[in-house]
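Here are a few exercises to work through with the model open in your viewer. Try each one before you read its solution.

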Amino acid sequence: MALRFYNTLTRSEEEFKPLDPKKVKLYCCGPTVYNYAHIGNFRTFVFEDLLRRHLEARGYDVQHVMNITDVEDKIIREVKESGEDLRAFTQRYEKAFLDDLDHLGCQRPKMTPRATEHIPQIIAFIQKLEKEGVAYKTPDGSVYFSIEKFPSYGKLSRLDRTQLKPGSRVSQDEHSKESYGDFALWKTYTEKDGKVFWESPWGRGRPGWHIECSCMSTQHLGDTIDLHCGGEDLIFPHHEDEIAQSEAATKKPFVRFWLHSAHLLVNGEKMSKSAGNFFTIRDLLAKGFTGREIRYALGTVHYRLPLNFTFEGLNAARQTLTRLTEWADRLQKTSGGTPASASGKLLSDFLAALDNDLNISEALGFVFQTLRETNGLMDRNQLPTEKAAGLLGDWKQIEKILGLPAISMEQTPADVAALAEERLGARKAKDWKKSDELRAAIQAKGWTVKDAPDGYKLTRL
């Protein structure tokens, strides 16, 4: 089956073939490092990691570039309030972001260029736009892109150009469709910027947010790329402006396929600090959940569907992963411990489902159908050794594509071991209610306990 993705540009599913038959150029909008990224952000990063892993499973060399936005409006505001140096401030949150990626088992991008390390290239890019006649300097020393000079402006977001007011300008990095106009490529220095500025042909200032991605994408992947990903909130103005800048400068199509993930809600509501439903990865880790569980909860709903995050869903992810771990353990014992090469029907069906616009629900459906059937066979000692070995090989490959972080083999924490010993005592006393309560307490700490002839076995979820 051919790879097919839903292209936001055309609002349709299309067959995907990269420009280079062996390589895929993938650009993902990365974090704005002014604070810790939240689970809504990571819903998108998990989707992008699944996309990359699937493309690699299909034999492509994925040239994955993700920018680090380390200068823009919010960062400058926070830096000035903190009194810190720009690099020291952003480096802290950049490191936290990469650590969070690691917790979730996301592969790090092959390149993570920073905007502040591309200022000369950004200035040259803006000068090229001036030469093309689509950028102009304002009396205060800022430089704006004239959307009137780019007739296809609005093609990604389906903007109504009849509402355009000639000469209107928007200086903020983020704004609504209702207030669109010429957007800033270079922002002249003001006292609000503090110590954040660079010298340029237009005077002191700093780049606008949108020009940063156009510059870094073309710098590291070329004028035309295969895939550009991000959250649907970036369609306008960020991705719309990227298209305008890039295509006005290069006279070539900027992106062939645009893929966008839908919003994440928490308990059916928009996430916000004021509502008390705002969570970072480290918040969830502190509550005893593992990166494996968080990733499963964020990554097992199709990327174009809204994801309603709940703690009930996170606990369900924990239980599901326990089922999968126990199934894999049974396959290993039945097979004699050696997985066969991954080439069976389960893996084939799983990959075919992901070929269809990353249909994760269908892909996992094949896994759980197989799990139920083979658990029944193993209950009756009817699953052949070679069949179990083949399924184990398929599952190991599927687990890799899903990006589930390896189960930690770390030493059991003292509090978990104490609960397990207490549970063993309850079982010996035939206090089944207390035994079940202690099992739940152990699971709440991210471990599962399984009874064994010599007592019990603890496994990290």
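**Exercise 1.** Find the element that holds P237, then check the peptide bond before this residue.

Solution. Step one: P237 sits in helix α6; helices here are DSSP runs of H or I with at least four residues, strands are runs of E with at least two, and both are numbered from the N terminus. Step two: the bond joining F236 and P237 is cis, with omega at about 5 degrees. Most peptide bonds are trans, and most residues other than glycine have a negative phi. Step three, a word on the source: this is a predicted model, where local features need pLDDT of at least 70, side-chain atom pairs count only at pLDDT 80 or more, and totals for chains, interfaces and linings use all residues. Residues are numbered from 1 along each chain as its sequence is written, and side-chain values use heavy atoms, with hydrogens and water left out.

**Exercise 2.** Work out the strand order of the open sheet of 4 strands, and see which helices lie on the sheet.

Solution. Start with the order: β4-β3-β10-β11, with parallel pairing; strands pair if DSSP finds at least two bridges between them. The edges are β4 (61-66) and β11 (255-261), each pairing on one side only. On average, neighbouring strands are turned by 20 degrees against each other, direction ignored. Axes are lines fitted to C-alpha atoms, for helices over the stretch in contact, and angles run from 0 to 180 degrees between N-to-C directions.

Now zoom in on β10 (residues 225-231): its parallel pairing with β11 covers 6 bridges, and C229 stands opposite L259 in β11. Next come the helices. Helix α1 (residues 39-57) packs on the sheet, touching β3 (23-28), β4, β10 and β11, at about 155 degrees to β10; contact means heavy atoms within 4.5 Å. Helix α6 (residues 235-250) lies across β10 and β11, at about 160 degrees to β10.

**Exercise 3.** Classify the ring pairs F42–F97 and F145–F150.

Solution. A pair of aromatic rings is described by the distance of the centres and the angle of the planes. Rings of Phe, Tyr and Trp (its six-membered ring) pair if their centres lie within 6.5 Å; planes under 30 degrees apart are stacked, over 60 edge-to-face, the rest tilted. The structure has 20 such pairs.

- F42 and F97: centres 5.6 Å apart and planes at 25 degrees, so stacked. F42 is in helix α1 and F97 in helix α3 (residues 86-103), so the pair ties together parts 55 residues apart in sequence.
- F145 and F150: centres 6.2 Å apart and planes at 70 degrees, so edge-to-face. Ring pairs link F145, F150, Y153 and F183 into a cluster.

**Exercise 4.** Is R11 buried, partly exposed or exposed, and what about L358?

Solution. The cut-offs are under 20% relative accessible area for buried, over 50% for exposed and in between for partly exposed (1.4 Å probe, protein chains only). R11, in the loop between β1 (4-7) and β2 (12-15), has 32% and is partly exposed. L358, in the loop between α10 (345-355) and α11 (360-379), has 2% and is buried. Neither is a glycine, yet phi is positive, about 55 degrees, for R11 and for L358.
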